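User: I am new to this structure and would like a close look at a single part of it. Please take that part slowly, and explain each term as you come to it.

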Amino acid sequence: AVGQAAKRSVLDRLQRNSELLSRARILWADDHPENNAAIVDLLRRFGASVETPRSNEHALALMQASRYDVVISDVARDDEGPDSKLKGLELAQTVYSRWGMRVLLFTSRFNPATMPDLTDKQRLELVEVVRRCIFGLTNRTDEALHLILDILER
(Lines give C-alpha, C1' and ligand atoms only; values in the text may rest on other atoms or scores of the structure.)
Protein backbone atom coordinates (compact mmCIF):
# COMPACT_ATOMS: atom_id res chain seq x y z
CA ALA A 1 0.00 0.00 0.00
CA VAL A 2 1.05 3.54 -0.70
CA GLY A 3 1.66 5.59 2.44
CA GLN A 4 0.25 9.03 3.17
CA ALA A 5 3.60 10.79 2.63
CA ALA A 6 3.96 9.21 -0.83
CA LYS A 7 0.38 10.18 -1.73
CA ARG A 8 0.93 13.74 -0.54
CA SER A 9 4.21 13.98 -2.46
CA VAL A 10 2.71 12.90 -5.77
CA LEU A 11 -0.41 15.07 -5.33
CA ASP A 12 1.82 18.08 -4.64
CA ARG A 13 3.84 17.33 -7.77
CA LEU A 14 0.68 16.91 -9.85
CA GLN A 15 -0.55 20.28 -8.58
CA ARG A 16 2.77 21.99 -9.39
CA ASN A 17 2.61 20.53 -12.90
CA SER A 18 -1.09 21.12 -13.56
CA GLU A 19 -0.39 23.31 -16.61
CA LEU A 20 1.80 20.60 -18.12
CA LEU A 21 -0.86 17.97 -17.40
CA SER A 22 -3.60 20.12 -18.93
CA ARG A 23 -1.85 19.80 -22.32
CA ALA A 24 -0.92 16.12 -21.96
CA ARG A 25 -2.21 13.42 -24.29
CA ILE A 26 -1.90 9.99 -22.72
CA LEU A 27 -2.64 6.58 -24.21
CA TRP A 28 -3.14 3.79 -21.65
CA ALA A 29 -3.49 0.32 -23.18
CA ASP A 30 -4.98 -2.28 -20.87
CA ASP A 31 -7.53 -5.04 -21.40
CA HIS A 32 -9.03 -4.16 -18.01
CA PRO A 33 -9.11 -0.34 -17.92
CA GLU A 34 -11.41 -0.46 -14.91
CA ASN A 35 -8.35 -1.46 -12.86
CA ASN A 36 -6.82 1.94 -13.62
CA ALA A 37 -9.99 4.03 -13.32
CA ALA A 38 -8.89 5.95 -10.23
CA ILE A 39 -5.55 7.05 -11.67
CA VAL A 40 -7.09 7.83 -15.09
CA ASP A 41 -9.80 9.93 -13.40
CA LEU A 42 -7.13 11.77 -11.42
CA LEU A 43 -5.15 12.56 -14.58
CA ARG A 44 -8.33 13.77 -16.29
CA ARG A 45 -9.16 16.01 -13.31
CA PHE A 46 -5.83 17.72 -13.92
CA GLY A 47 -6.86 18.21 -17.56
CA ALA A 48 -4.98 15.39 -19.27
CA SER A 49 -6.60 13.72 -22.25
CA VAL A 50 -6.46 9.95 -21.64
CA GLU A 51 -7.45 7.31 -24.20
CA THR A 52 -7.87 3.74 -22.91
CA PRO A 53 -7.68 1.16 -25.71
CA ARG A 54 -8.09 -2.48 -24.70
CA SER A 55 -5.80 -4.04 -27.33
CA ASN A 56 -2.53 -3.44 -29.13
CA GLU A 57 -4.40 -3.17 -32.42
CA HIS A 58 -6.61 -0.37 -31.11
CA ALA A 59 -3.68 1.38 -29.38
CA LEU A 60 -1.61 1.37 -32.56
CA ALA A 61 -4.54 2.65 -34.63
CA LEU A 62 -4.96 5.56 -32.20
CA MET A 63 -1.23 6.29 -32.33
CA GLN A 64 -1.27 6.23 -36.11
CA ALA A 65 -4.04 8.85 -36.10
CA SER A 66 -2.80 11.12 -33.32
CA ARG A 67 0.24 12.14 -31.28
CA TYR A 68 0.56 11.10 -27.64
CA ASP A 69 2.98 12.42 -25.05
CA VAL A 70 2.88 9.31 -22.86
CA VAL A 71 2.12 5.69 -23.68
CA ILE A 72 1.32 3.34 -20.80
CA SER A 73 0.57 -0.36 -21.01
CA ASP A 74 0.01 -3.37 -18.87
CA VAL A 75 2.04 -6.44 -19.82
CA ALA A 76 -0.53 -9.20 -20.22
CA ARG A 77 -3.76 -9.03 -22.22
CA ASP A 78 -5.86 -12.00 -21.24
CA ASP A 79 -8.02 -11.86 -24.35
CA GLU A 80 -5.40 -11.35 -27.08
CA GLY A 81 -4.62 -14.93 -28.02
CA PRO A 82 -2.10 -17.57 -26.99
CA ASP A 83 0.82 -15.15 -26.55
CA SER A 84 -1.21 -12.66 -24.54
CA LYS A 85 1.07 -12.64 -21.48
CA LEU A 86 3.62 -10.35 -23.20
CA LYS A 87 1.37 -8.11 -25.32
CA GLY A 88 2.49 -4.98 -23.49
CA LEU A 89 6.10 -5.69 -24.40
CA GLU A 90 5.08 -6.27 -28.01
CA LEU A 91 3.33 -2.90 -27.96
CA ALA A 92 6.43 -1.27 -26.46
CA GLN A 93 8.65 -2.73 -29.18
CA THR A 94 6.31 -1.52 -31.93
CA VAL A 95 5.90 1.95 -30.43
CA TYR A 96 9.66 2.26 -30.02
CA SER A 97 10.44 1.07 -33.55
CA ARG A 98 7.77 3.25 -35.24
CA TRP A 99 7.82 6.42 -33.13
CA GLY A 100 10.99 6.20 -31.02
CA MET A 101 8.95 6.46 -27.79
CA ARG A 102 9.64 4.41 -24.71
CA VAL A 103 6.58 3.01 -22.95
CA LEU A 104 5.71 3.06 -19.26
CA LEU A 105 4.64 -0.38 -18.02
CA PHE A 106 2.17 -0.39 -15.17
CA THR A 107 1.74 -3.96 -14.02
CA SER A 108 1.61 -6.26 -11.08
CA ARG A 109 2.23 -9.54 -12.88
CA PHE A 110 5.46 -9.12 -14.83
CA ASN A 111 8.75 -10.60 -13.72
CA PRO A 112 10.82 -12.38 -16.41
CA ALA A 113 12.78 -14.20 -13.72
CA THR A 114 9.68 -16.03 -12.49
CA MET A 115 8.27 -17.06 -15.87
CA PRO A 116 8.94 -20.82 -15.81
CA ASP A 117 8.08 -21.48 -19.45
CA LEU A 118 10.85 -19.19 -20.76
CA THR A 119 14.34 -20.30 -21.62
CA ASP A 120 17.30 -18.35 -20.27
CA LYS A 121 17.81 -16.92 -23.77
CA GLN A 122 14.20 -15.71 -23.88
CA ARG A 123 14.56 -14.12 -20.44
CA LEU A 124 17.66 -12.25 -21.61
CA GLU A 125 15.79 -11.10 -24.72
CA LEU A 126 12.98 -9.78 -22.51
CA VAL A 127 15.44 -7.91 -20.35
CA GLU A 128 16.89 -6.31 -23.50
CA VAL A 129 13.41 -5.26 -24.68
CA VAL A 130 12.72 -3.74 -21.26
CA ARG A 131 16.07 -1.92 -21.27
CA ARG A 132 15.60 -0.50 -24.78
CA CYS A 133 11.84 0.13 -25.05
CA ILE A 134 10.54 0.72 -21.52
CA PHE A 135 10.77 4.09 -19.76
CA GLY A 136 9.76 2.66 -16.41
CA LEU A 137 8.14 -0.36 -14.83
CA THR A 138 6.01 -0.17 -11.69
CA ASN A 139 2.99 -1.58 -9.94
CA ARG A 140 2.56 1.43 -7.62
CA THR A 141 0.16 4.24 -8.45
CA ASP A 142 2.37 6.97 -6.96
CA GLU A 143 5.41 5.77 -8.91
CA ALA A 144 3.37 5.61 -12.12
CA LEU A 145 2.26 9.22 -11.63
CA HIS A 146 5.84 10.35 -10.96
CA LEU A 147 7.01 8.50 -14.09
CA ILE A 148 4.25 10.11 -16.17
CA LEU A 149 5.41 13.53 -14.97
CA ASP A 150 9.03 12.59 -15.66
CA ILE A 151 8.09 11.80 -19.26
CA LEU A 152 6.09 15.00 -19.67
CA GLU A 153 8.90 17.14 -18.24
CA ARG A 154 11.38 15.95 -20.88
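What follows is one connected account of a helix, its surroundings and some places to compare with that helix.

Analyst: This is a predicted model, in which local features need pLDDT of at least 70 and side-chain atom pairs count only at pLDDT 80 or more, while totals for chains, interfaces and linings use all residues. Residues are numbered from 1 along each chain as its sequence is written, and side-chain values use heavy atoms, with hydrogens and water left out.

The part to look at is helix α6, which runs over residues 120-133 (helices, H or I of at least four residues, and strands, E of at least two, are DSSP runs numbered from the N terminus). Its 14 residues reach 20 Å from the first C-alpha to the last, close to the 20 Å expected at 1.5 Å a residue (the expected span is 1.5 Å times one less than the number of residues).

Which residues of α6 are buried? They are R123, L126, V129 and C133. Seen down the axis of α6, these buried residues fall within an arc of 120°, so they line one face of the helix (the arc is that of the directions from the helix axis to the C-beta atoms; buried means under 20% relative accessible area, exposed over 50% and partly exposed in between, with a 1.4 Å probe and protein chains only). An α-helix has 3.6 residues a turn, so residues three or four places apart point the same way. On the other side of α6, the exposed residues are D120, K121, L124 and R131. The cover over the buried residues of α6 includes α5 (87-99), β4 (103-106) and β5 (134-138).

R131 also takes part in a salt bridge with E128, where the closest N and O atoms are 2.5 Å apart (a salt bridge is a side-chain nitrogen of Lys or Arg within 4 Å of a carboxyl oxygen of Asp or Glu). E128 and R131 are three residues apart in α6, so about one helical turn separates them. R131 counts as exposed at 53% relative accessibility, whereas E128, with a relative accessible area of 32%, is partly exposed.

The helix also borders an open space, the second largest pocket, whose volume is about 170 Å³. Of the 10 residues that line this pocket, L86, Q93, Q122, L126 and V129 are the closest to its centre. Both α5 and α6 supply at least two residues of the lining, and the largest share, four residues, comes from α6. (On a 1 Å grid over the protein atoms alone, a pocket is an open set of points where a 1.4 Å probe fits, with protein on both sides within 12 Å along at least five of seven lines, and lining residues have an atom within 4 Å of a point.)

C133, one of the buried residues of α6, can also be related to G100, which lies in the loop between α5 and β4. The C-alpha atoms of G100 and C133 are separated by 8.6 Å, although these positions lie 33 residues apart along the chain count. G100 itself is exposed, at 51% relative accessibility.

For comparison, helix α3 (residues 37-45) has I39, V40, L42 and L43 as buried residues. They cover an arc of only 160° around the axis, which puts them on the same side of α3. Turned away from that buried side is a face that carries the exposed residues A38 and R45. The buried residues of α3 pack against α1 (4-16), α2 (18-22), β1 (25-29), β2 (49-51) and α7.

D142, in helix α7 (residues 141-153), is buried as well, with a relative accessible area of 7%. Apart from its neighbours within four places in sequence, D142 is in contact with V2, A6 and V10 (contact means heavy atoms within 4.5 Å).

Returning to salt bridges, a search of the whole structure finds 11. Among them, R23 and E19 meet at 3.2 Å, N to O; R23 is exposed at 52%, and E19 is exposed at 58%. E143 pairs with R140, the closest N and O atoms being 3.8 Å apart, and here E143 is partly exposed at 33%, while R140 is partly exposed at 33%. R13, D150 and E153 are linked in a network of salt bridges.

Note on methods
Grid points are joined across faces, edges and corners, and a volume is the space filled by probe spheres set on the points.
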